[in-house]
Amino acid sequence: MRTVFDAIQECGHDEDFVPQITPDFKPTDAPAGSLAKLKVLAERVRRGFPLWHEDDRNDYSGLTGYRTSKDS
């Protein structure tokens, strides 16, 4: 595949995709923009879950210190 249009022709599209919520769909305490949150979002996509859980962390309260990308 050379372009996104080739991919759509070959694999179809996701217009009919409906995320599934199962007991495994759990909230995360990972802060927005962190590597941990990105990993959670990627796993949700792989498993067919919605991207956002209503109980995901929505602020940075209680977070202190400095972490490098290796620590996440």
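## A quick tour, starting at helix α2

Select L41 to begin: you'll find this residue in helix α2, which covers residues 35–47. Keep in mind as you click around that this is a predicted model.

Is L41 buried or exposed? It counts as buried, because its relative accessibility is 13%, and the cut-off for buried is under 20%.

Next, show the neighbours of L41. Leaving aside residues up to four places away in sequence, L41 touches L51 and W52. Now pick L51 together with L41 and check the spacing: the two sit 10 residues apart in sequence, with 5.8 Å between their C-alpha atoms.

Now hop over to F5. This one belongs to helix α1, made of residues 4–11. F5 counts as exposed because its relative accessibility comes to 60%, where exposed means over 50%. So the two stops contrast: L41 is buried at 13%, while F5 is exposed at 60%.

Stay with F5 and add V4 and I8 to your selection, then turn on the surface. Together V4, F5 and I8 make a nonpolar surface patch of about 320 Å².

Finally, zoom out and colour by secondary structure. The protein chain has two helices and zero strands. Of its 72 residues, 19% are buried. With the whole surface displayed, you're looking at about 6,200 Å² of exposed area, 54% of it supplied by carbon and sulfur atoms.

One last thing to try is a contact map. Take the contacts in the chain between residues at least 6 apart in sequence: 54% of them join residues at least 24 apart.

Notes: Residues are numbered from 1 along each chain as its sequence is written. This is a predicted model: local features need pLDDT of at least 70, side-chain atom pairs count only at pLDDT 80 or more; totals for chains, interfaces and linings use all residues. Side-chain values use heavy atoms; hydrogens and water are left out. Patches are made of residues with over 30% relative accessible area and no salt bridge: like charges are joined within 9 Å, nonpolar side chains (Val, Leu, Ile, Met, Phe, Trp, Tyr) within 5 Å. Accessible areas come from the Shrake-Rupley method with a 1.4 Å probe; for residues, only the protein chains shown count as cover. A salt bridge is a side-chain nitrogen of Lys or Arg within 4 Å of a carboxyl oxygen of Asp or Glu. Helices (H or I, at least four residues) and strands (E, at least two) are DSSP runs, numbered from the N terminus. Buried means under 20% relative accessible area, exposed over 50%, partly exposed in between (1.4 Å probe, protein chains only). Contact means heavy atoms within 4.5 Å.
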